[in-house]
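Visitor: I should be grateful for a close look at one part of this assembly, namely the way in which one chain is set against its copies. Please take the parts in whatever order gives a connected account.

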Number of protein chains: 4
Amino acid sequence: MNDNKITIGMLGAGRIGKMHAENILANFPQVDLKAVVDLKLDFEWAKKVGIPIRSQEITAITDDPKINAVVITTPSNTHVEMIKVMAGAGKNIFCEKPIAFAPDLIRQANKAVEKAGVILQVGFNRRFDTDILKVRNAVESGTIGHPHIINMTSRDPKRPNLKFIPDSGGLFMDFCVHDFDMIRFLTGYEVEEIYARGANLVDPKIGEFGDIDTAVLTLKLSGGAIGIINVCRETNYGYDQQLEVFGSNGSIAAQNRRPTSVKLSCKDGVFLDQPFYSFIERYKEAYIEEINEFIKCLEADEKPSVDGHDALEAVLIAVAAQKSLILNQPVSLKK
Amino acid sequence: MNDNKITIGMLGAGRIGKMHAENILANFPQVDLKAVVDLKLDFEWAKKVGIPIRSQEITAITDDPKINAVVITTPSNTHVEMIKVMAGAGKNIFCEKPIAFAPDLIRQANKAVEKAGVILQVGFNRRFDTDILKVRNAVESGTIGHPHIINMTSRDPKRPNLKFIPDSGGLFMDFCVHDFDMIRFLTGYEVEEIYARGANLVDPKIGEFGDIDTAVLTLKLSGGAIGIINVCRETNYGYDQQLEVFGSNGSIAAQNRRPTSVKLSCKDGVFLDQPFYSFIERYKEAYIEEINEFIKCLEADEKPSVDGHDALEAVLIAVAAQKSLILNQPVSLKK
Amino acid sequence: MNDNKITIGMLGAGRIGKMHAENILANFPQVDLKAVVDLKLDFEWAKKVGIPIRSQEITAITDDPKINAVVITTPSNTHVEMIKVMAGAGKNIFCEKPIAFAPDLIRQANKAVEKAGVILQVGFNRRFDTDILKVRNAVESGTIGHPHIINMTSRDPKRPNLKFIPDSGGLFMDFCVHDFDMIRFLTGYEVEEIYARGANLVDPKIGEFGDIDTAVLTLKLSGGAIGIINVCRETNYGYDQQLEVFGSNGSIAAQNRRPTSVKLSCKDGVFLDQPFYSFIERYKEAYIEEINEFIKCLEADEKPSVDGHDALEAVLIAVAAQKSLILNQPVSLKK
Amino acid sequence: MNDNKITIGMLGAGRIGKMHAENILANFPQVDLKAVVDLKLDFEWAKKVGIPIRSQEITAITDDPKINAVVITTPSNTHVEMIKVMAGAGKNIFCEKPIAFAPDLIRQANKAVEKAGVILQVGFNRRFDTDILKVRNAVESGTIGHPHIINMTSRDPKRPNLKFIPDSGGLFMDFCVHDFDMIRFLTGYEVEEIYARGANLVDPKIGEFGDIDTAVLTLKLSGGAIGIINVCRETNYGYDQQLEVFGSNGSIAAQNRRPTSVKLSCKDGVFLDQPFYSFIERYKEAYIEEINEFIKCLEADEKPSVDGHDALEAVLIAVAAQKSLILNQPVSLKK
C-alpha cells in the first residue's frame, strides 16, 4: 500500500452491514469509511453516522481510487459477483460468510482474488472471540496434548422466520458452516469424513421446505481425533455456544457467557443469567476484532488468517454433510 | 415373602462384591447378610466384617432355605450360569452388569428368572444417582419439553490394565453399556439406529487387541430425538461424567461432581477440585441406593425398576454399535 | 486401654443422639454400642437399631466396667454435671457442644476430665468437614501466605421455634460458637478483640426475649489478621455456609454445597440447586468423621484434636461478643 | 440547552482523562470533543485522537462559549477549584472522584454548582456497571425482601506505588469511598454508624506513612441492616470485587467477572481465569455508561443520578471511618 491511510467502502448496509460500519467508525480512527452502497440504502442512517458518500450505485466505490478496501455484506447470493467486481477494481475485500453454497463458485471467487493480487478475508467471526482464541492457543501450545474428541454445541435461541429458510442454504450451509470452520481452526486438522444425522423437531414447517432444524454431526479428523457438533434452531434460553477440546493430557472448554455474574438465591432456587441471547451479543467484540485483523492486514500488506480457502473448506464439509444426511452414510472428504 | 426378614447371600467377593457387602452391613440393619461364597474367598475380610457363613461352595447358598436373595458379583462370564442356578434354587437375584455379552445368553437368563418367579435386578448403578434421577424426573415431568438432543460424556480417568482388555467385551460392551442404558432411562425412548465411530488414540496396545479406546456414538431414538455419547478410556483429570437432555423448552444437565467446593485464587489462576477420580467415588451413594431398591423390592414383593430386559436392550445396542464400527455404517435396531 | 474393643454408651438419645448412635452402628463395626440412657428414652427406636442395654438410669453406664467411652447428647444445661460423673467413673467422653455457657463451668468440667485422666472431645463437627479441612490444610501449608482477612457467612434456613430461644444461650452462644471455633481452627490464631453489631430483623418476637437474629462480628486475631463473621437465623434458601481465608499470596474459599450438580436452562433463567437445607445434610459426613476421630483416639490412647480447651475459648469469645453488643464497643480478650 | 449539539472540553488528560476522551470519541458521535487542557498535555496523543483545541491554558475552555460541558480529571487536589471556575463559566461538569477529602470543600463546590445552575456528576463509575445495576434493581424491586446484611469485598491486585500513598487521602478516602457509595446506592439507606478495624499487613512502608492497607468496616444502616466492607491493597490474583445483599427473602450477589469462560481440566486440577486484573478492565463498560448518563443529562437538561451530594456523603463516611480507626470505637454519622 503506498498510502498509510485505509479508505473503506461498504457494499451492503443491512443489519450486519450497519453493525460493521458502526464498529469501524467507533473503533478505528485511522480508517476513513468513505462510502456506502446499497440498492435499498437507508440514507438517513448513513447520513447520521457520517459516511460521506451514500449511493445505490456500485461505481461509487469501484470508480473511487482512494477506496482501497471494501466490506461486503450484500445478500449472500451476490457475494461471488461482488468479489469478482471488487477484485477486478483492485479493492481488498472483507466478505461476510457464505461466499457461496457451491464450491465451484467459491473457487471462482478465490481465483479472481488471486489474479487481482488483493486480499480476501471471510467473516468467520468466531475465530476472533477471546474465549475461542484461548482454547485454540492452548491446543496449539500442547496444553491438552494430542486432541482426541472435539465436542461442540451450537444452538440458536429462536427458530428463524420461515421466509428465511428457502434461500438459507439449509441448516448445514447456513448455520453449521461456522462450526465446521471452528473445528478446523481449533484443531488445525482437516475433516476427512463426516456422518450427519438430522431431524425436524422444532417446527414441521421447516421440514416442509426440505430442511432440518436439529442435527448431530460426527467428523473424522486428519489427526485421528473425532469431532461432534450438535446444533438446533431453537433453545428458548439463549444462544448456546459451548465447545470442548479433549486430548491426551486433559480438556479445555469454552462455556456459555452470560450478561452478568449475578446470582440470586431465594426460596425458589438459585438463579443465574441465561447465556447471551444471540450471536450479536455473544460475539460483539469478535465482530470488532475481525475488522481489526482486516485493517491490520491492509496496513501491513499481509494476508488475513482466514480467507477464501477456509470458506471453501467449510462449504465442502457442508456439502458432504448434506450428502451424508440424504444417504444416511458417512461421506469421505479425502481428496 | 412369608417372612419380613431379608436374608442375603453374596456370590463373589472381589472388589465390587466387598463394596456391596460392606454397604449392606452398614446401611440395612433389617437385612441379614448370612453367607459369602467365592472360589478365592478372602476369609480374613469376611470374618472381620462379620459374615457368618464363609465358603467356596455354592451350596452354602443354594442349600440354605433361609437365604432368599443373592447378590452376584462373580466374574462376568459366569453370570448367566449363576443366575440359572440361583433362580433354580428360588433365590431373588441382584446381578452386576454385564449379564452376558451375547443377547441370547441374556435371554436364557431372563427366561430362567421368569420361570422361577424370582426377581432379577441388574447393576446399572447410575440409575440411582441423585443427579441423574433429578434429570430423569425433570424430563419425565415435561420440564424441558420434548427431548431433542441427548449429549453424554463418559470418560475414565486411566486406561485399564492391558490384561483386562481381551476379556472385557470391548469398549462398547464393557464401558458404553452404562451409557446405552442411561439414554433409555433418561428419555424413556428406545434406540432405533446407531452409528459408531471409534479410534485407538490412548494406547496402541489396546488396538493390538482389536479394541478401541475412544468413541463417538450417534443414536436415533424412538421419539425422534438424537443421542450422542462420547467416551474415552483416559482423561488424566478424573472420571468425566456429564450429560444433558436438551428439548423443546430448555436443557437440563448433570455436571461433574467434585470432592469439595473449595476454590483457590492465586497468582497462578483460580483452581477448583478435579471431578471425582473414579466410578467408585462418583457413584458411592448410587451403589447403596441400588441395593436399597433391591431390598425394598424383596420386602414389598415387587419388581425392580431395572431388570434383565434393560440388560438385554443395552447389550443389543452394544452389539449394533460394534457392527456399525466394523461396517462404518449406521445400523438399525428396529425389530 | 487394656482391651482393643471399644465399648460405648450413649447418654441422651434425642435427635442428635440418635444420629450419633446410628452413625456409630453403620460405620464402626469395631465398636460395641452397648447401652443407651435417656430420661425419656425412645425404647422402640433403641430396640430397633439394636442397642442391647436401654435404660433411664445413668448407672447402666457408670456401673458397667466394659463401657469405656460415652457420647453425651443430653440437654446442654446437664453437660457439665454429666462430664463430671462420667469422668469420675473413668469413662472417655465425647460431648456435644456447648459444654456450658459459663466459662467457669467449662473450666470445672475440664478439670474433672484432667483429674480423671480421660479424654474429652467436643462436638465441633465442622472441623471434620472435607471442604473446611481442605481450607485449613491450605492455610497451614502456606498456600495463601500469611492470613489477612477471614470472611465467614453462617446462616440458618429458618428461624428456630420461639420456645427454643429463652434457653438457647442467645445467638452468639448457641449459633456463633461454631464460627468462633472455625476462625481459630482455620487460622491457628487466637482472638484478641471482638466487636459485635447485632440486630433483630427476622422476627420481633426474638427481640422480645432480649435476643438478636442477625449479627456481624469483627475479630482482631493474634497474627494481625482481621476476621468477619456474618450470621442470620433465616435465609429461606437453605443453610448458607461460606468461608474464605484471604492472605498475602491469595485466597482460599469453601463455597456452599448443593444436593446435586444439575443445571436447568429454560426461558425463565438458569437454575441451580439451593445449598443443603440444614446442618444435618450439610455436615452429614463430618458428624461421622468426628466420631471416627473419637474412636481413633480411644484405640490409640491419644488426645482428640478438639477438646475442652477449644470449647472454653469459643465460649470466651461468645461472652466477649455479648459484652461488645451491650456496650457497643470492641472488647479485648487478651489475657 | 439552546443547542442540541453537546460540546465537551477535557480538563486533565492523564491516564483516566485519556480513557474518558477516547471513550467519548468512540461511543458518542453526537458529541463534539472540542478541547483538551492539561498543564502537562500529551500533545501528540491529543492530535492523534483528533481533539481540535489542545492547550495548557484553562481559558481555552472557559472562554469558548460553544463548550457547554467539561470532564475534569485533573489531580484530585485541584478538583474543588476547577469545579468553581467551570461552574462560574457556566459549564456543566463531570468530575472524577474525589472532589475533595474535606467535607467543607465539597460543600463549597456543591454551592458553586448550585449557584451557577449547572450540573455536576461525580465519577462513581461502579453505579453504572451491569452487574451492580442488576443487584440494585433487584433490591429496589423487593426481590430479596428487606435488606439485612450487605457483604462487600473490594481488593486491589497490587499495592500502589509508595509515592502515591502520602497524597492519596488514605485507604478509606482513596479506596473505600467507592464502597461507601456502593452501600448507599445498593440499599437506598444512609450510614448511621461505622466501626473500622484496620491493619498494615501488605507492606510495612505503607504503615510508615500512617496509612493502612487492609481493613474491615461494619456499618449500621438507616433501615436496620448491617453492612460489611473488607478491603485490601493487594490480592496477587486480580481485582476482587464481590458484593451481596442478603435480605428477608433471599440473597443477590455480584460475583467476580473473568476475561473468559474457559475451563481447563488436567492432571494438576481444574483451572478458571482469574478475575479481571484492575478497575480499568473490570469497569470498562461502566466508564462509558457514566459518560452516557452525563451526555443524556446534558441532552435532556436533567440532573445526573449521582452528584455532589453523593460525593459528600461518601466522604463523610470516610471521615467517620478514619475517626473510628483512631479511637477504636464505633462513630455515629447521625445528623
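To begin with, which of the residues of chain A comes closest to the rotation axis, and at what C-alpha distance?

Guide: The model is predicted, and the residue in question is Phe271(A), whose C-alpha comes to 2.3 Å from the rotation axis, closest of the residues of chain A. The axis is the one that brings chain A onto chain C: a rotation of 180°, with 0.0 Å of shift along the axis, superposes the two with an RMSD of 0.0 Å. The two copies are thus related as by a two-fold rotation axis. Their contact uses the same surface on both copies, since 100% of the contact residues of chain A recur in chain C.

The relation of chain A to chain D can be described in similar terms. Here a rotation of 180° with 0.1 Å of shift along its axis superposes chain A on chain D, again with an RMSD of 0.0 Å. For this axis the residue of chain A that comes closest is Ala26(A), with its C-alpha at 2.1 Å. Once more the same surface serves both copies, and 100% of the contact residues of chain A recur in chain D.

The contact between chains A and D involves 30 residues of chain A and 30 residues of chain D. On the side of chain A that touches chain D, two or more residues come from each of α1 (15-27), α6 (130-140), β12 (250-254) and β13 (262-266) of chain A. By class, that side has 13 nonpolar, 12 polar and five charged residues. Strand pairing crosses from one chain to the other: β13(A) pairs with β12 (residues 250-254) of chain D in the antiparallel sense, over five bridges. Within this pairing, Ser265(A) stands opposite Ser251(D) in β12(D).

One of the elements just named, α1(A), also leads into the interior arrangement of chain A. This helix lies across β1 (6-11), β2 (31-37) and β4 of chain A, and runs at about 155° to β2(A). These strands belong to an open sheet of six strands in chain A, ordered β3-β2-β1-β4-β5-β6 with parallel pairing. At its edges stand β3 (53-55) and β6 (120-122) of chain A, each with a single partner strand, so one side of each is left without a neighbour in the sheet. Neighbouring strands of this sheet are turned by 20° against each other on average, direction ignored. Within the sheet, β4 (residues 69-72) and β5 (residues 92-95) of chain A pair in the parallel sense over four bridges. Val71(A) has Phe94(A) in β5(A) as its bridge partner.

A helix pair in chain D may be added. The axes of α5 (residues 103-116) and α11 (residues 308-327) of chain D come within 9 Å and cross at roughly 175°. That angle makes α5(D) roughly antiparallel to α11(D). Among the residues that meet are Ile106(D), Ala109(D) and Val113(D) from α5(D), and Leu312(D), Val315(D) and Val319(D) from α11(D). By class, the contact of α5(D) with α11(D) has nine nonpolar, three polar and one charged residues.

As to confidence, chain A averages a pLDDT of 96, and 99% of the residues score at least 70. For the complex, the predictor gives an ipTM of 0.94 and a pTM of 0.95.

Conventions. Residues numbered from 1 in each chain as written. Chains lettered and ligands numbered in written order. Predicted model: local features only at pLDDT ≥ 70, side-chain atom pairs only at ≥ 80, totals over all residues. Axes fitted to C-alpha atoms, helices over the stretch in contact; angles between N-to-C directions. Parallel < 35°, antiparallel > 145°, perpendicular 65-115°, else oblique. Contact = placed C-beta atoms within 7 Å. Nonpolar A, V, L, I, M, F, W, Y, C, P; charged D, E, K, R; others polar. Pairing = 2+ DSSP bridges. Least-squares fit on C-alpha atoms with pLDDT ≥ 70 in both. pLDDT = per-residue confidence, 0-100.
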